[in-house]
Amino acid sequence: MSDSLHALRISGDDKAVSGGPRRRRRRWPYVLALLVAAGVAYWTLSPRTFVVEAATVGLAYPSRTITTLTASGYIVAQRKAALATKATAQLVWLGVEEGSRIKKGEILARLESADVEAARKLAVHELSAARYQIASAEAELADARLHNNRMKKLAAGDYVARSEHDVAKARLDKAEAALSQAKATLSARAEALHKAEAERGYTDLEAPFDAVVLTKNADIGDIISPLGASSTSKAAVVTIADMGSLAAEVDVSESSIEKVAVGEPCEIMLDAIPGERFPGAVHMIVPTADRTKATVLVKVRFTTLDPRVLPEMSAKVAFLSRPLAASETAPRVAVPATAVISRDSVDAVFVMKDGKAVLTPVTLGETLGDMRAVASGLEVGQKVIVSPPAKLQNGDAVALAEG
């Protein structure tokens, strides 16, 4: 009996073993609650970082609101020439280079001309000889006319035989024919001289109009051929363009061409001069379409040409619904309209500075399409937050969204 009771007794070690896991299970809810509380406190007390999108404060033109269509293309000189010569010879002198400004009639280059110069001198001498032949023929005609008149009177009085008068008449006719032949020869020699002078002129390359040299295609020593007959010959010496004829040539979609009219006001924008816009007008709508691109070529003239505008520059043209007023030609400081918010009835934007969102009050101007003009409060180049989160506050940490 005592052995049975001893067997039923629970030892102290067994209590420790059997009660330990239950006590650990009782502690877990308290530990979990402490961890949650610590996390909430950390999240509440630690600064938040908002991932945002940003835009740069820039300049916007009032013409955005009256632009009906935009098209891209290039600046093209409407008067341009690749100057060559009709003679085939060696280039011996070149008086211009890229960028040289030339006047109409100015000699730009010369070809070797010894043979054509010799031909010209020969033509000059032959013309002189023809003039002497005329003088000789005129003298012979005058003598033949006097002799014929004399023989005519003598034959009428039967002082000489009739045959002698016939001989005198034949001499007169021959002298008149010789004079006519001498005059024809003189005309032929004069034409030969003109031809020789023209061929001599082919060796001088003249500017056909006031222009600027765009490219130099040959150097001294090159053989110049009008047709570029061989791989070693050059067809053109220089390429020139009239800078006063520059115009923007842009491709307008067939579906939008009805929005364009000759004389319509435009603004021309150049990638090379991004800070400026140049006024212009539609000069011509080329009456044919490009079937491969489904576009129509439109030429837009500059109202006033700027010397910085060069041929082959990339250009964009904004077609306007009306001419711009004088007050609409200057750009405005502007931001995307979605960057503007109202806080406490004050217009403001969040400016990104050193990783922080700085609430900046602004004075707004007119609406420029999807942009909003800012009269004061911002400077060009600053970064503003677009569509800022509703919970974003002044001084909150921000980071730009990737991509």
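This report walks through two pockets, two nonpolar cores and one glutamate of a predicted model.

**Pockets**

Let's start with the open space. The largest pocket has a volume of about 320 Å³. Its lining counts 16 residues, and those closest to the centre are Leu-59, Tyr-61, Met-269, Pro-274 and Arg-277. Strand 15 (273-290) gives the largest share of that lining, with five residues. At least two residues each also come from strand 2 (58-60), strand 3 (67-77), strand 14 (265-270) and strand 17.

Next comes the second largest pocket, with about 170 Å³ of space. Among the residues lining this one are Tyr-61, Cys-266, Glu-267, Arg-277, Thr-303, Leu-320 and Pro-323. Strand 14 and strand 15 each put at least two residues into its lining. Tyr-61 and Arg-277 turn up in the linings of both pockets.

Here is how the two linings break down by class:

| Pocket | Nonpolar | Polar | Charged |
|---|---|---|---|
| Largest pocket | eight residues | three residues | five residues |
| Second largest pocket | seven residues | three residues | two residues |

**Nonpolar cores**

In soluble globular proteins, nonpolar side chains tend to be buried together. In this model, the largest nonpolar core holds 26 residues, and Ile-75, Ile-268, Leu-270 and Phe-319 touch the most other members. Strand 3, strand 13 (246-253), strand 14, strand 15, strand 16 (295-302) and strand 17 each chip in at least two residues to this core. Apart from it there is another core of 21 residues, including Leu-91, Ala-109, Leu-111 and Val-213.

Ile-268 is a handy one to click on. Leaving out residues up to four places away in sequence, Ile-268 touches Ala-248, Phe-278, Val-300, Phe-302, Ala-315 and Val-317, among others. The list of its contacts also has charged names on it, including Glu-276, Arg-277, Arg-301 and Lys-316.

**Glu-328**

Now for the glutamate. Glu-328 sits in the loop between strand 17 (314-320) and strand 18 (332-336). Is Glu-328 buried or exposed? Glu-328 counts as buried because its relative accessible area is 16%, and the cut-off for buried is under 20%.

What does the side chain of Glu-328 pair up with? It makes a polar contact of 2.8 Å with the side chain of Arg-322. A polar atom of the Glu-328 side chain also lies 2.9 Å from the backbone nitrogen of Ala-325. Setting aside residues up to four places away in sequence, Glu-328 touches Pro-62, Arg-322 and Pro-323. Pro-323 also helps line the second largest pocket, which ties this loop residue's surroundings back to the pockets above.

Notes:
Residues numbered from 1 in each chain as written. Predicted model: local features only at pLDDT ≥ 70, side-chain atom pairs only at ≥ 80, totals over all residues. Heavy atoms only, no water. Helix = DSSP H or I, 4+ residues; strand = E, 2+ residues; numbered from the N terminus. Buried < 20%, exposed > 50% of the residue type's maximum accessible area, 1.4 Å probe, protein only. Polar contact = N/O pair within 3.5 Å; in protein donor to acceptor, adjacent residues only side chain to side chain. Contact = heavy atoms within 4.5 Å. 1 Å grid on protein atoms, 1.4 Å probe; cavity = no way out; pocket = protein on both sides within 12 Å on 5 of 7 lines; lining within 4 Å. Points joined across faces, edges and corners; volume = space filled by probe spheres on them. Core = buried A, V, L, I, M, F, W, Y, C linked by side-chain atoms within 4.5 Å.
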